[in-house]
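Colleague: I have the fold open on my screen and would like to go through it with you. Can we start with the sheet and then move on to the rest?

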Amino acid sequence: MTTKEEFIERVEKWSTKIGVNYKEIHFRHMKRKWASCSTRGRLTFDPEILEKDRNFQDKSIVHELLHFRYPNHGKMFKQMINLFLNEGIE
Ligand SMILES: [Zn+2]
């Protein structure tokens, strides 16, 4: 179990590493997905993600943050996800 504070700290570390800025983080239950992002820089995560393991959380965080650079799920987007997840932030 991860606390919201720990989770937010991780999002901050990842955003620094990736070089993108976000404005706000919200936690809200979502039916079909774990996270979403808005073009205004708002990130939303389903609070149940706090019960998932760190790898799962990182995948979701990196995915959403990279959408601030790539608004689609194209080849480059997927390559960047793999690149960052391989490197990690530890
Ligand atoms: Zn996506």
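Colleague: In which sense do strand 1 and strand 3 pair, and over how many bridges?
Modeller: In this predicted model, strand 1 and strand 3 run parallel to each other and are joined over four bridges. One of the residues involved is I25, whose bridge partner in strand 3 is L43.

Colleague: And what is the strand order in the whole sheet?
Modeller: The order is 1-3-2, in an open sheet of three strands with mixed pairing. Strand 1 (24-27) and strand 2 (35-37) are the edge strands, each pairing on one side only, and the twist from one strand to the next averages 15°.

Colleague: L43 caught my eye; which residues make up the largest nonpolar core?
Modeller: That core has nine residues, namely V11, W14, L43, F45, I61, V62, L65, L66 and F84. At least two of them come from each of helix 1 (4-18), strand 3 (42-45) and helix 2 (54-66).

Colleague: Which element gives the most to it?
Modeller: Helix 2 does, with four residues. As a general background, nonpolar side chains in soluble globular proteins tend to be buried together.

Colleague: Staying with helix 2, which of its residues are buried, and what do they pack against?
Modeller: The buried ones are Q57, D58, I61, V62, E64, L65 and L66, so the list goes by burial and not by residue type. They pack against helix 1, strand 2, strand 3 and helix 3 (75-87).

Colleague: What does L65 touch, away from its sequence neighbours?
Modeller: Setting aside residues within four places in sequence, L65 is in contact with W14, S15, I18, V20 and Y22.

Colleague: Changing topic, how do the spans of the helices compare with what their lengths predict?
Modeller: For helix 2, 13 residues at 1.5 Å a residue should span 18 Å, and the end C-alpha atoms are 18 Å apart, which agrees. Helix 1 agrees as well, because its 15 residues should span 21 Å and its end C-alpha atoms are 21 Å apart.

Colleague: What follows helix 1?
Modeller: G19 comes after helix 1, and the phi of G19 is positive, near 85°.

Colleague: Last thing, where is confidence lowest and where is it highest?
Modeller: Strand 2 has the lowest confidence, with a mean of 96, whereas strand 3 has the highest, at 98. Over the protein the mean pLDDT is 96, and 100% of the residues reach 70 or more.

Key: Residues numbered from 1 in each chain as written. Predicted model: local features only at pLDDT ≥ 70, side-chain atom pairs only at ≥ 80, totals over all residues. Core = buried A, V, L, I, M, F, W, Y, C linked by C-beta atoms within 7 Å. Buried ≥ 20, exposed ≤ 12 C-beta atoms within 10 Å, placed from the backbone. Helix = DSSP H or I, 4+ residues; strand = E, 2+ residues; numbered from the N terminus. Contact = placed C-beta atoms within 7 Å. Pairing = 2+ DSSP bridges. Axes fitted to C-alpha atoms, helices over the stretch in contact; angles between N-to-C directions. Expected span 1.5 Å × (residues − 1). pLDDT = per-residue confidence, 0-100.
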